[in-house]
Amino acid sequence: MEEYLSNPLVLLPPEPGKPLLLYLSVMDNAFGCVLGQHDETGSKEQAIYYLSKRFMPGEAKYTLIERTCCSLTWIAQKLRHYMSAYTTHLISRLEMLKYIFQKQISTGNLAKWQIILSKFDIVYITHKAIKGQALADHLAENPVDWDYEPLTTYFPNEEVFFDREDIAESYP
C-alpha cells in the first residue's frame, strides 16, 4: 500500500515506435476515452490522456454508430498531435464500427466523419472484456461540463490513519 501511494499514477508522454491504445466508451448523452500505450515490457498499459464530453442536444439524438463516429472525430481532432504521429489501436465493444474503416460511405455525417478519420492511422480492434475499458466507461458516465468545479474533499478524521493493522483487536 505504501509503495502504491508513494508512486501515484501520472500521465506519461508516448514512446516513439509503439502504437497508441484508444479505449472509447459511448453512452446516450456522453462519451469518454483513455489514450494509452504499453510500457517497455509490453505487459502494462500507461495512460497518456483522458477525455470526456457531453453530447450537444442534437448529437444526443444520433444513432449509436453516429454518436460513436462523432465522438471519435472529436477525439481525433483534440488529440491530433498524438494520433497523427502514431498508429492508434481503437479498442471498443461496438462491432459495427470496423465497417467505418473498411467500406466507403457515400452520404451524410458518416461520410464526413469517415473523411476526417481517414487522415489518421486507426486500426479497429474488438474486445469483449477489457480492464482498461473501465476508466473510459467511468469518464463517459461522468463527463466534465463547462461549469466544472474541482472536487473538494473533506476528511473529518484526517488524523486517523492505519496501515496493515487489525483494528478489530483494538476494540472489544
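**A walk from glutamine 37 through the paired strands**

Glutamine 37 is buried, with a relative accessible area of 2%. The cut-off for that label is under 20%. This residue belongs to strand 2, which covers residues 30-38. The model is predicted, and the values below are computed from it.

What does glutamine 37 touch beyond its neighbours within four places in sequence? Its contacts are Pro14, Glu15, Lys18, Pro19, Leu20, Leu21, Lys44, Glu45, Gln46, Ile48 and Tyr86. Take Glu15 from that list. Glutamate 15 lies 22 residues from glutamine 37 in sequence, yet their C-alpha atoms are 7.9 Å apart. Leu20 and Leu21 are also on the list, and both belong to the buried faces of strand 1. That strand is the next stop.

Strand 1 runs over residues 20-26. Strands 1 and 2 form a hairpin, with three residues between them. Their pairing is antiparallel and uses six bridges. Within this pairing, tyrosine 23 faces valine 34 of strand 2.

How many of the seven residues of strand 1 are buried? Seven are, so the rest of the structure largely encloses this strand. Cover is present on both faces. One side carries Leu20, Leu22, Leu24 and Val26, and the other carries Leu21, Tyr23 and Ser25; all of these are buried.

Strand 1 also pairs with strand 4. Here the direction is parallel, and four bridges make the join. Two positions show the register. Leucine 20 has threonine 88 as its bridge partner in strand 4. Leucine 22 stands opposite leucine 90 of strand 4.

Strand 4 spans residues 88-92. Four of its five residues are buried, so strand 4 too is largely enclosed by the rest of the structure. A further partner is strand 5, residues 122-126. Strands 4 and 5 are parallel and share five bridges. Threonine 88 appears again here, with isoleucine 122 as its bridge partner in strand 5. Threonine 88 is thus bridged to leucine 20 and to isoleucine 122. Following the pairings, one can step from strand 2 to strand 1, from strand 1 to strand 4, and from strand 4 to strand 5.

Now the helices. Helix 5 covers residues 108-117 and contains glutamine 114. Is glutamine 114 buried or exposed? Its relative accessible area is 10%, so it counts as buried. Setting aside residues up to four places away in sequence, glutamine 114 touches Ile100, Lys103, Gln104 and Ile105.

Leucine 64 sits in helix 2, residues 64-78. Its relative accessibility is 33%, so it counts as partly exposed. Leucine 64 joins Met96 and Tyr99 in a nonpolar surface patch of about 270 Å². Patch members must have over 30% relative accessible area, and leucine 64 has 33%.

How far can these details be read? The mean pLDDT of the protein is 77, and 67% of its residues reach 70 or more. Confidence peaks in helix 3, residues 80-83, with a mean of 94, and is lowest in helix 1, residues 2-6, with a mean of 59. Over residues 151-172 the pLDDT is below 50, and this stretch has five contacts in the model beyond near neighbours in sequence. Where pLDDT is low, predicted coordinates should not be read in detail.

Note on methods: Residues are numbered from 1 along each chain as its sequence is written. This is a predicted model: local features need pLDDT of at least 70, side-chain atom pairs count only at pLDDT 80 or more; totals for chains, interfaces and linings use all residues. Side-chain values use heavy atoms; hydrogens and water are left out. Patches are made of residues with over 30% relative accessible area and no salt bridge: like charges are joined within 9 Å, nonpolar side chains (Val, Leu, Ile, Met, Phe, Trp, Tyr) within 5 Å. Accessible areas come from the Shrake-Rupley method with a 1.4 Å probe; for residues, only the protein chains shown count as cover. A salt bridge is a side-chain nitrogen of Lys or Arg within 4 Å of a carboxyl oxygen of Asp or Glu. Helices (H or I, at least four residues) and strands (E, at least two) are DSSP runs, numbered from the N terminus. Buried means under 20% relative accessible area, exposed over 50%, partly exposed in between (1.4 Å probe, protein chains only). Contact means heavy atoms within 4.5 Å. Two strands pair if DSSP finds at least two bridges between them. pLDDT is the predictor's confidence in each residue, from 0 to 100.
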